[in-house]
Amino acid sequence: MGLHYSGGYRQDGFLRAGNLSQIESANIIHHENGTPVSTYTNIPETMPETMKSIEFTIDYDINPRLNLNTVFFYNNIENVIDVGVIWEDPTVYVVPAISSDVPGDWNGYRCFKNTEGVKNREALKPQEPTKTDIFLVNVSHSYVRVLSADEQQKGSMYLTNEKHFKPIPKM
């Protein structure tokens, strides 16, 4: 996140943290279908992500050669860091400089920001190691699902609009 504090390279559009509070003073107009509808607002200082977690493990020797190990965990995640984008169609509106940062050659800015809201997830991972005289076979499977997510979390870089994790394959 070093770029977050120092800005990016000239014309890549990366907005430095010190200029997040200067967005409103740049008076950048947001357009929809070529019509001005609002201006972009300042972005609060980015805070670290936080996660509260509880984990429960069961480890049971079924017999000397077979073991069952299962882990269950629950997470409450806040201040999820996401990417914010300020972009306008260059044929409609040319985005101005924000303090010392200039828009990227794609007519916009990007920055790190916190996504408001909370997401809660749970997971279950059963694991079954089997031992023989020659080798150890370990079979496991993970099941992770989103229990709940505030509306602001949906459609972020981590969650789809249907509350599925983007980085985890859907079962």
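## Close-up views of a predicted model

**View 1. The structure holds one aromatic pair.** Its members are phenylalanine 14 and phenylalanine 112, and the pair is edge-to-face. The ring centres are 5.5 Å apart, with 65 degrees between the planes. Phenylalanine 14 sits in the loop between α1 (2–6) and β1 (29–32). Phenylalanine 112 belongs to strand β5 (residues 108–131). The pair therefore ties together parts that are 98 residues apart in sequence. Note that this is a predicted model. Is each ring buried or partly exposed? Phenylalanine 14 has 5% relative accessibility, so it counts as buried. Phenylalanine 112 has 23% and counts as partly exposed, because buried means under 20%.

**View 2. The largest nonpolar core has 13 residues.** Which residues have the most contacts inside this core? They are Leu15, Ile23, Ile28, Ile86, Ile98 and Tyr109. In soluble globular proteins, nonpolar side chains tend to be buried together.

**View 3. Isoleucine 23 and its contacts are shown here.** Leaving aside residues up to four places away in sequence, isoleucine 23 touches Leu15, Ile28, Ile43, Ile86 and Ile98, among others. Its contacts also include Tyr40, Thr41 and Asn42. Look back at the core: Leu15, Ile28, Ile86 and Ile98 are among the residues listed there with the most contacts.

**View 4. Strands β3 and β4 run antiparallel.** Strand β3 covers residues 50–63, and strand β4 covers residues 66–87. How many bridges join them? There are 13. One of the residues to find is isoleucine 58, whose bridge partner in β4 is threonine 70. Now follow the chain from β3 into β4. A hairpin of two residues makes the link.

**View 5. Glutamate 122 lies in strand β5.** At 16% relative accessibility, glutamate 122 counts as buried, because the cut-off is under 20%. What joins the side chains of glutamate 122 and arginine 145? A polar contact of 2.4 Å does. Setting aside residues up to four places away in sequence, glutamate 122 touches Phe72, Phe73 and Tyr74. Its contacts also include Tyr143, Val144, Arg145 and Leu147.

**View 6. Valine 144 is placed in strand β7 (residues 143–149).** Valine 144 has 25% relative accessibility and so counts as partly exposed. It is one of the residues that glutamate 122 touches. Now compare valine 144 with tyrosine 109. Along the chain, these two are 35 residues apart. Their C-alpha atoms are separated by 34 Å. Tyr109 is one of the residues with the most contacts inside the largest nonpolar core.

Methods
Residues are numbered from 1 along each chain as its sequence is written. This is a predicted model: local features need pLDDT of at least 70, side-chain atom pairs count only at pLDDT 80 or more; totals for chains, interfaces and linings use all residues. Side-chain values use heavy atoms; hydrogens and water are left out. Rings of Phe, Tyr and Trp (its six-membered ring) pair if their centres lie within 6.5 Å; planes under 30 degrees apart count as stacked, over 60 as edge-to-face and the rest as tilted. Helices (H or I, at least four residues) and strands (E, at least two) are DSSP runs, numbered from the N terminus. Buried means under 20% relative accessible area, exposed over 50%, partly exposed in between (1.4 Å probe, protein chains only). A nonpolar core is a set of buried Ala, Val, Leu, Ile, Met, Phe, Trp, Tyr and Cys residues joined through side-chain atoms within 4.5 Å. Contact means heavy atoms within 4.5 Å. Two strands pair if DSSP finds at least two bridges between them. A polar contact is a pair of N or O atoms within 3.5 Å; within protein, one must be able to donate a hydrogen and the other to accept it, and residues adjacent in sequence count only if both atoms are side-chain atoms.
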